[in-house]
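Colleague: I'd like to go through this one with you before I head back to the bench. Could you put it up?

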Amino acid sequence: MKWLWLLFSLIVSSTLKAQSTLPVYKDALTSQRAKLYNSLLNNTIRKNLFVQLTDSTEDIWEDAFYALELIQHKTPWIDQKISVAVKDIQNRSIHFQRSLLELLYSNYTGMFLRQVQSLLVTTNDPKIFTMSGEYLLREIATTSEKDLLFSIAKKRERENLSGPHVEQFIQNIKNTGKEFITPRFHSLLKKDFLPGNVLMISFQRKNRDYPGLVMVRDTSGNFIKDSSVFFSVPQLARSINNLPGYLTNGNTPEGLFRMDGFDVSRIGMIGPTTNVQLTMPFEFHAKHFYKDSSITDTIGNISMYKKLLPEDLKDHYPLLQSFYAGMAGRTEIIAHGTTVDPSYYEKRPYFPLTPTMGCLCTKEIWSKDNGERLQSDQQLLINAINEAGGADGYVIVINIDDKPAPVTLNDIIPFLKLAGQK
């Protein structure tokens, strides 16, 4: 994931200054924003797509795909070039197919169903199969279409595509069209849940176009307050492509993450504000994730993971998603701020927050005149975590409902009361 952010942060010469008083991001200046946008448009997109697509030019086409996702750009000429790529998708490398399918899911919903259907039934790669399936799943209109996709997935799973990707895809097919039932998540908010750990809890909507809300609990089990009001800031868990969380570069998965310290990124689009380091199951040794030095199993298993959950949520399948995403190979999800130009997403429900490659992201505003940080929900979050005892504990991401609106503190207060938090 990080190489993609690095690629586009180096298109212009980023100047990050983490000062003792106030961080500065010089590429936030109006002139630099314009320079980056023009470089993405003229060099990374137009120049790259003008080159004939061959085995040796796949990588520069992939760069163009990501830039198109980033700035949400489309023209008839670009559409024609994407059609060329889709027409040839069967002959391209696995890596190129993944990159193109991400772009299609992000920018071309439902426009290439026939070609993706063909890829679905011919590929022997589990990621390509599930990405193709997820692209088609969004367009399911009837029960018979859903049943057909389910039968195809089960057949391929039996034959040659078993593993976490196909397993999660099948689970998504089962849940398609079902009414969302709000989990009784107040047990996550109780003082005795994961005692002695600092918790960062990110409450999200099922539709990740709408920003979630993050809160922090201290080692004594109390939620941090600002004066008499519970501390909270908006937090986006949406990726640029909006793919499901079990897929690399998709939305932030629901479930548990190990919170393991702070860091400052050198990647321009993340910026100089302190971030929170997170790890998933399978990313490191199991004794690290489960905070148990006696564990000799280097990987861990689902029963160990479930032991971290409250009794009444052990079988809430969405909270197992980070486990299966880790099993499927997802890594490098953190909680960070942003220097991405929010104007790319002015018409989106999450504006002025910016999507990522699957991380948890908070709002930051940088001066167009001198690059100084004007507003930072990320810094407020870091301050709250420090007040709670530091970044040593767990992060929980949970979809609370499917309401088409940002999560607010009023959505959470009733569950805090049920948990005995005052």
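Colleague: Is Asp-401 buried or exposed?

Modeller: Bear in mind that this is a predicted model. Asp-401 has a relative accessibility of 16%, and because anything under 20% is classed that way, Asp-401 counts as buried.

Colleague: Which residue does Asp-401 form a salt bridge with?

Modeller: Asp-401 pairs with Arg-205, and their closest N and O atoms are 2.7 Å apart. This salt bridge links distant parts of the chain, since Arg-205 belongs to strand E3 (residues 198–205) and Asp-401 to strand E14 (residues 392–401), with the two 196 residues apart. Arg-205 also counts as buried, at 0% relative accessibility.

Colleague: How many salt bridges are there in the whole structure?

Modeller: The search finds eleven. One of them brings together the side chains of Asp-209 and Arg-238, at 2.5 Å from N to O. Here too distant parts of the chain are linked, with Asp-209 in the loop between E3 and strand E4 (212–217) and Arg-238 in the loop between strand E7 (233–235) and strand E8 (255–263), 29 residues apart.

Colleague: And are Asp-209 and Arg-238 buried or exposed?

Modeller: Both Asp-209 and Arg-238 are buried. For another setting, look at Asp-315 and Lys-306, whose salt bridge has its closest N and O atoms 3.4 Å apart. Asp-315 counts as exposed at 69% relative accessibility, while Lys-306, with a relative accessible area of 24%, is partly exposed.

Colleague: Which residues are joined into one network by salt bridges that share partners?

Modeller: That network consists of Asp-55, Glu-58, Asp-88 and Arg-92.

Colleague: Changing topic to pockets: what volume does the largest pocket have?

Modeller: The largest pocket has a volume of about 1,300 Å³. Its lining is made up of 35 residues, and those nearest the centre are Asn-172, Asn-175, Lys-206, Asn-207 and Asn-399.

Colleague: Which element gives the most to that largest pocket's lining?

Modeller: Helix H9 (164–175) is one of the elements that give two or more residues, and H9 gives the most, with four. By class, the lining of the largest pocket has nine nonpolar, 16 polar and ten charged residues.

Colleague: What about the second largest pocket, how much space lies in there?

Modeller: About 320 Å³ lies in the second largest pocket. It is lined by 15 residues, with Arg-33, Asp-341, Pro-342, Ser-343 and Lys-368 closest to its centre. H2 gives the most to this lining, with four residues, and the residues of the lining divide into nine nonpolar, two polar and four charged.

Key. Residues numbered from 1 in each chain as written. Predicted model: local features only at pLDDT ≥ 70, side-chain atom pairs only at ≥ 80, totals over all residues. Heavy atoms only, no water. 1 Å grid on protein atoms, 1.4 Å probe; cavity = no way out; pocket = protein on both sides within 12 Å on 5 of 7 lines; lining within 4 Å. Points joined across faces, edges and corners; volume = space filled by probe spheres on them. Nonpolar A, V, L, I, M, F, W, Y, C, P; charged D, E, K, R; others polar. Salt bridge = Lys/Arg side-chain N within 4 Å of Asp/Glu carboxyl O. Buried < 20%, exposed > 50% of the residue type's maximum accessible area, 1.4 Å probe, protein only.
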